[in-house]
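Please consider the following model with its sequence at hand. The explanation below moves from a pair of packed helices to the contact between chains, then to a loop residue and to model confidence.

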Amino acid sequence: MLASIATFALTGVDSREVTVEVDVRRGLPAFTVVGLPDAGVREARERVRAAMLNSGLDFPLQRITANLAPASLRKAGTGFDLALAVGVLVASGQVPASQPDRTAVSGELSLGGALRPVRGALACALGARAAGYERLVVAVENAEEAALADGLQVLAVPSLTRLVELLRGRWRPDPPPRRSETRAGSSPAPDLADVRGQQDAKRALEIAAAGGHNLLMVGPPGAGKTMTARRLPGILPPPSFDEALEITRIRGAAGLGDGCLALERPFRAPHHTTSPQGLVGGGSVPRPGEITLAHRGVLFLDEIAEFSRAALEALRQPLEDGVVEITRGQRSLALPARAMLVAACNPCPCAHGAGDCRCNELDRLRYARRLSGPLLDRIDLICDVQPPPAAELVARTVTSERSAAVRDRVVAARERQAWRLAGDEALCNGHMDGRATRRHAVLGARGTERLLGSVEAGTLTGRGHDRVLRLARTIADLAARERIVAGDVEEALGYRLVSPVEMAA
Amino acid sequence: MTGACDSCLRRGYLVGQLAARIAAMLDRPGKRVGALLSLSEDELIEAVSDRSAGVPDIPLRGFDACRERAEMADRGVRALCRHDGRYPPQLLQLQDAPAVLFVSGHGDLDLLAHDSSVALVGTRRPSPYGREVAQGLGRGMAAAGVPVVSGLALGIDAEVHRGCLAADGLAVAVLACGPDVPYPRTNRRLYDRVRERGLVVSELPPGQRPYRWSFPARNRIMAGLARITVVVEAADPSGSLITTQFATQLGRGVGAVPGQVTSRVAAGTNNLLKDGAALVTGSQDLLDELFGSESDEGRAARAQAAAAVAIDDPVQLRLLEAVEASLGIDGICAHAGVPVREARAGLSRLERSGHVRRDPLGGYRRTAVPC
């Protein structure tokens, strides 16, 4: 007898429908899986057999052939266990053939017959909904995440035994917990108010957050670059529901999710030894890289000078386009990669703070040049991070502003931008291209334009000029001004990046 | 209307037409160019004609002054011949003074005839020290109202123009190609900015590309226009030293900025100093040299230059102090007692006035030569 069961395979951060066809007929007892399964999928045969027998079900001593269609797609992972088991059950007549109707299944089996969670439950659920399924059977641990896909009935099943009862119509699982009830237990996000001093970094973070600008933090080791950067997600506008869904889906696909809807934007800080594939994603079974994990959030590269050139090169195009295209073998994969970049480095090769530095100007120039190149082109502002003076560290009264207050200003500034950029490709000032910059960042008086010119006196490339304009636009937006005034341009110039290439020209 | 008579214009275009042939003839550029350029029209044609090629073709047979004038007007180029009253008289001291100067840019033509211009030149690969001094001198001269002549080359020349433009000064760039050709291309924006308020000058007609020989030829014009030629940094031998040779021949002043004795790009300038060039350590020295230390004119110019770099605003002063003490931005804010926003804006103003420089990684340093 033939059975056909729908399940979903994870490809990158999306899922693809896979139909598991199981044929059981007379012959020498055998269990064959075809349709480009990898070693992990072939092992499913042993798990399925043991799980069925340990759940008190019959494992037919007949010739069993399972096909994973489309046969051209490479299958990996353990998520096919459940579909194979249900297929065998239906094909051997142990559950009614009319079941499961309009239902997809996804889950790994233990030898004892318990259902185990798989990666990418939300991606799977969204795929099932898009493909027109009404119900999705998942492990209990995956239920909450899968239930984030509205309009799909998620059936949380603890074991194969329960599933058989469900299919025979003798048991109904409890509906998964509702979203609003799933917030407890999460630790509060780090707050800007905890950061002593760092006025410059805080202001730069606020501007960066308000305009979606990439940021470079410069300071000696231990000055608090990482600690300060970690506060950035807390002042970015909270993710919209769709964005939160995207973040959760990616987290789940990478196996990092806690099952809840993401309420904060991600903050990823990969180590500088991370390979290019680790940053942008890849592998023979392509997995999302750090830039995808930071999608809609912040990618923090500490010690950016220590990253390999290849790794930084690889980041360039995704940062520009907001998407990573990976081609492996016969197929290509697009992974979302719209993240803000925050980079950090030492002020000079000796890494001492101002005052104690023993580097001469050439050393510094050489160090800066090592950083330079295509990635720094994407960075709009640079800020200074120094260890705060001891007096400030021990001071009792903290007058620092809380993240929430800064976030309010950021949200207001973003709204102004959204209103101005309506109809444009860019969503915030940091994403404006040259033409949009010239249209939207109009300098008030002619004198302001000259101000910009005379500081640079010809050293600024066209691109550098645009960057200063974009920054000035954001600074004006933060102050709720439609007109860019001289002070905005001056402040923007203060935060600009002087490319060492420009300096050497 | 352009200030060039037909015959001078014809001569200017002839040099342009023969430029490639002159280049083919001269293996090594140098004084021989001067000799060539002082020849009469027919002699010049004869001198550069390739005799083995048989009958030389006659250049400029179809020369039409009206058409070329219209063409120049299209390209925004003006011409000034030696018969025009505005032609810089000091240039006529050159034995081979160009018959016509092609000028681009919105500056006043009288700028060229100014009797106390300074030529500031130097190497294309300067040290950071050289850049800083060059920009400071350009700025100081601009503040004192002295026209600054340079060559728009990479390195020192570019810094000189930058300093001069930053202080809204009178910038004159003398090119080794047509005045409408931004060369080198890296300095394209700088070229545009010089043209906005100053002048770009060349003896080659519009559209001409530069040749090897045209660089020393351009140097003689720089030396000819300026009362003093100052070399900021130069190796030995170098094009900048050729400029000073021209200046010496014309009996004009030569100055040099002292450099580290171990630095290759200071060899030329230190040798100049040994040979008796004026020692220039800043704008005040140069203005002394230009106007004399006792003259009223000199006193006024020095005062102007000093006033341009003086800071009245107490906040700006405290910002500068804090930069000198190499505090971080937070330290700078604390010292000046202003919020970070105003500190950043204030530092940009100090950068604009040349008091501080930005490191590539964002740090601020006080400049060694404020004037």
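Two residues are taken to be in contact if their C-beta atoms, placed from the backbone, lie within 7 Å. The model is predicted, and this criterion underlies the contacts described here.

In chain A, helix H3 (residues 121-130) and helix H9 (residues 241-253) offer a starting point: their axes come within 6 Å and cross at roughly 120°. That angle makes H3(A) oblique to H9(A), because angles of 65 to 115 degrees count as roughly perpendicular and those over 145 as roughly antiparallel. From H3(A), the residues Ala121(A), Leu122(A), Ala123(A) and Leu126(A) meet Thr248(A), Arg249(A), Gly252(A) and Ala253(A) of H9(A). Sorted by class, this contact has 5 nonpolar, 2 polar and 1 charged residues.

The contact between the two chains draws 33 residues from chain A and 32 residues from chain B. On the side of chain B, the elements that give two or more residues are helix H7 (156-166), helix H8 (188-197), helix H15 (329-336) and helix H16 (340-352). The largest share, 9 residues, comes from H16(B). By class, the side of chain B that touches chain A comprises 13 nonpolar, 8 polar and 11 charged residues.

H16(B) merits a closer look. At 1.5 Å a residue, its 13 residues should span 18 Å, and the end C-alpha atoms are indeed 18 Å apart, which agrees. Of these 13 residues, 12 are buried, so H16(B) is largely enclosed by the rest of the structure. Charged residues are among the buried ones, including Arg341(B), Arg344(B), Arg349(B), Glu351(B) and Arg352(B). Just after the helix, Gly354(B) adopts a positive phi of about 85°.

Elsewhere in chain B, Ala99(B) sits in the loop between strand S1 (77-81) and strand S2 (100-104). Ala99(B) counts as buried because it has 23 C-beta neighbours inside 10 Å, where 20 or more are required. Leaving aside residues up to four places away in sequence, Ala99(B) touches Cys8(B), Arg11(B), Gly12(B), Cys81(B) and Arg82(B). Its C-alpha atom is 8.5 Å from that of Leu80(B), 19 residues away in sequence.

Confidence remains to be considered. Chain A averages a pLDDT of 86, and 90% of its residues score at least 70. Among the elements of chain A, strand S14 (residues 298-301) has the highest mean pLDDT, 95, and helix H20 (residues 500-504) the lowest, 48. Over residues 501-505 of chain A the pLDDT is below 50, although this stretch has 9 contacts in the model beyond near neighbours in sequence. Where pLDDT is low, the predicted coordinates should not be read in detail.

Methods:
Residues numbered from 1 in each chain as written. Chains lettered and ligands numbered in written order. Predicted model: local features only at pLDDT ≥ 70, side-chain atom pairs only at ≥ 80, totals over all residues. Helix = DSSP H or I, 4+ residues; strand = E, 2+ residues; numbered from the N terminus. Axes fitted to C-alpha atoms, helices over the stretch in contact; angles between N-to-C directions. Parallel < 35°, antiparallel > 145°, perpendicular 65-115°, else oblique. Expected span 1.5 Å × (residues − 1). pLDDT = per-residue confidence, 0-100.
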